[in-house]
Amino acid sequence: MTISLKSADEIEKMRIAGGLASSVLTMVEPHVRAGVSTDQLDRICHEYIIEELDAVPAPLNYRGFPRSICTSINHVVCHGIPGNKRLRNGDIINIDITVIKDEFHGDTSKMFCVGKPSVRARRLVDTTYECLVLGINMVKPGTRLGDIGHAIQSYAEARQFSVVQEYCGHGIGRQFHEDPQVLHYGIPGTGLVLEAGMTFTIEPMINAGKRHVKLLPDNWTVVTKDHSLSAQWEHTILVTSDGFEVLTRRPEETFSLGP
Ligand code: MF3
Ligand code: CO
Ligand code: CO
């Protein structure tokens, strides 16, 4: 496993790429409404990334992925391919944005609620965000990846939800997916020890039912085996000398814990 520590120059480029990725989620929010198709959302983001941000949508043609964003609705866990399906009142949808700017990647996703989702869906979406914030708050030199995974898993399972194990966060930089793998479950005191200058994503996928998933025949779309709802939020994080910097933070986010 070779983990690149980013230089000050590289960190500044990651900060810029992260900021651009986060701006796409802010931009697309008013478009995420009942009746819109996921292809329309893809088109809106694609145009914005290329024309307004002068950046590259990393998913497009990545290992053959056919669109510029991932859109994962309801029981879709991740890597949903935009298509002609239209959003309906009560849907929950993850939109995952990765941009490349000046050779560096920024990767972030969030959940959107369409109209009025069920209490259970709302609770899943909120709990999954809390899992992400909990994980982010543990990031500092000396923390181990198993500590982060354990914190996320304990929080989700205490609420009777389950953690997807087949997909994980990842190092990020010049490459979309770098070492290390950042699991969202684990054992405290185990795994990689964090050091200042590491950049990676945390992106927990949490299911309302059992943790098991299956890959659809399109070879991208991952769904829950039991068809239960699934939620995911993602940020790109930098380990600093005394904690963390969220490179994909949106203006409304604080990452403070507690009620
Ligand atoms: N953005 C996803 C992640 O968080 C990866 C998507 S790969 C794609 O790692 F090809 F589906 F875009
Ligand atoms: Co990612
Ligand atoms: Co992503």
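Reader: In which strand does P180 lie?

Author: In this predicted model, P180 belongs to strand 8, which spans residues 178–182. The peptide bond that joins D179 to P180 is cis, with omega at about 0 degrees.

Reader: What makes strand 7 and strand 8 a pair?

Author: Pairing requires at least two bridges between the strands. Strand 7 and strand 8 have three, in the antiparallel sense, and therefore count as paired. Within this arrangement G169 stands opposite V182 of strand 8. The two strands form a hairpin, with six residues between them.

Reader: Which protein residues are the donors of the cobalt ion (ligand 2), and how do you know that they qualify as donors?

Author: The protein donors are D107 (OD), H170 (NE2), E203 (OE) and E234 (OE). A donor must be an N, O or S atom within 2.8 Å of the metal. The distances here are 2.0 to 2.2 Å, so these atoms meet the criterion.

Reader: Why is the site of the cobalt ion (ligand 2) called irregular?

Author: Six donors count as octahedral if opposite donors are over 155 degrees apart and all others lie between 65 and 115. The angles among the six donor atoms of the cobalt ion (ligand 2) run from 51 to 161 degrees. The value of 51 degrees fits neither range, so the site is irregular. For reference, ideal angles for six octahedral donors are 90 or 180 degrees.

Reader: What spacing do the donors of the cobalt ion (ligand 2) follow along the chain?

Author: The donors of this ion follow D-x62-H-x32-E-x30-E. H170 lies in strand 7 (residues 169–171), and E203 in the loop between strand 9 (199–202) and strand 10 (205–207), so this pair ties together parts that are 33 residues apart in sequence.

Reader: Why do H170 and E203 count as buried?

Author: The cut-off for buried is under 20% relative accessible area. H170 has 5% and E203 has 8%. Both values fall under the cut-off, so both residues are classed as buried.

Reader: What coordinates the cobalt ion (ligand 3), and at what distances?

Author: The cobalt ion (ligand 3) is coordinated by D96 (OD), D96 (OD), D107 (OD) and E234 (OE), at 2.1 to 2.3 Å. The cobalt ion (ligand 3) lies 3.3 Å from the cobalt ion (ligand 2), and D107 coordinates both.

Reader: What makes the arrangement around the cobalt ion (ligand 3) irregular?

Author: The six donor atoms around this ion subtend angles of 58 to 165 degrees. An octahedral assignment would need opposite donors over 155 degrees apart and all other angles between 65 and 115. Because 58 degrees satisfies neither condition, the arrangement is irregular.

Reader: How are the donor residues of the cobalt ion (ligand 3) spaced in sequence?

Author: Their spacing is D-x10-D-x126-E. D96 lies in strand 4 (residues 92–101), whereas E234 lies in the loop between strand 13 (230–232) and strand 14 (235–239), so the pair ties together parts that are 138 residues apart in sequence. The relative accessible area is 10% for D96 and 0% for E234. Since buried means under 20%, both residues are buried.

Reader: How do you know that strand 2 and strand 4 pair?

Author: Strand 2 and strand 4 share four bridges in the antiparallel sense. At least two are required, so the pairing criterion is met. C70 stands opposite D96 in strand 4. From strand 2, C70 and S72 point one way and T71 and I73 the other way, and all are buried.

Reader: What sets the phi values of N74 and H227 apart?

Author: N74 has phi near 55 degrees, a positive value in a residue other than glycine. N74 is placed in the loop between strand 2 (70–73) and strand 3 (76–78). H227, also not a glycine, has a positive phi of about 65 degrees, and is found in the loop between strand 12 (222–224) and strand 13.

Reader: Why is T221 called buried, and what does its side chain join?

Author: The relative accessible area of T221 is 7%, under the 20% limit, so T221 is buried. T221 lies in the loop between strand 11 (213–215) and strand 12. A polar contact of 2.5 Å joins its side chain to that of D218. Beyond neighbours within four places in sequence, T221 is in contact with residues including V76, C78, H79 and K214.

Reader: What span is expected of helix 3?

Author: Helix 3 (residues 119–137) has 19 residues, and at 1.5 Å a residue the expected span is 27 Å. The helix reaches 27 Å from its first C-alpha to its last, close to that expectation. Among its buried residues are A121, L124, C131 and I136.

Note on methods. Residues are numbered from 1 along each chain as its sequence is written. Chains are lettered from A and ligands numbered from 1 in the order in which they are written. This is a predicted model: local features need pLDDT of at least 70, side-chain atom pairs count only at pLDDT 80 or more; totals for chains, interfaces and linings use all residues. Side-chain values use heavy atoms; hydrogens and water are left out. Donors are N, O and S atoms within 2.8 Å of the metal (3.2 Å for Na, K and Ca); water is not among the atoms, so sites may look incomplete. Four donors count as tetrahedral if all angles lie between 85 and 135 degrees; four count as square planar and six as octahedral if opposite donors are over 155 degrees apart and all others between 65 and 115; anything else is irregular. Buried means under 20% relative accessible area, exposed over 50%, partly exposed in between (1.4 Å probe, protein chains only). The expected span of a helix is 1.5 Å times one less than its number of residues. A polar contact is a pair of N or O atoms within 3.5 Å; within protein, one must be able to donate a hydrogen and the other to accept it, and residues adjacent in sequence count only if both atoms are side-chain atoms. Contact means heavy atoms within 4.5 Å.
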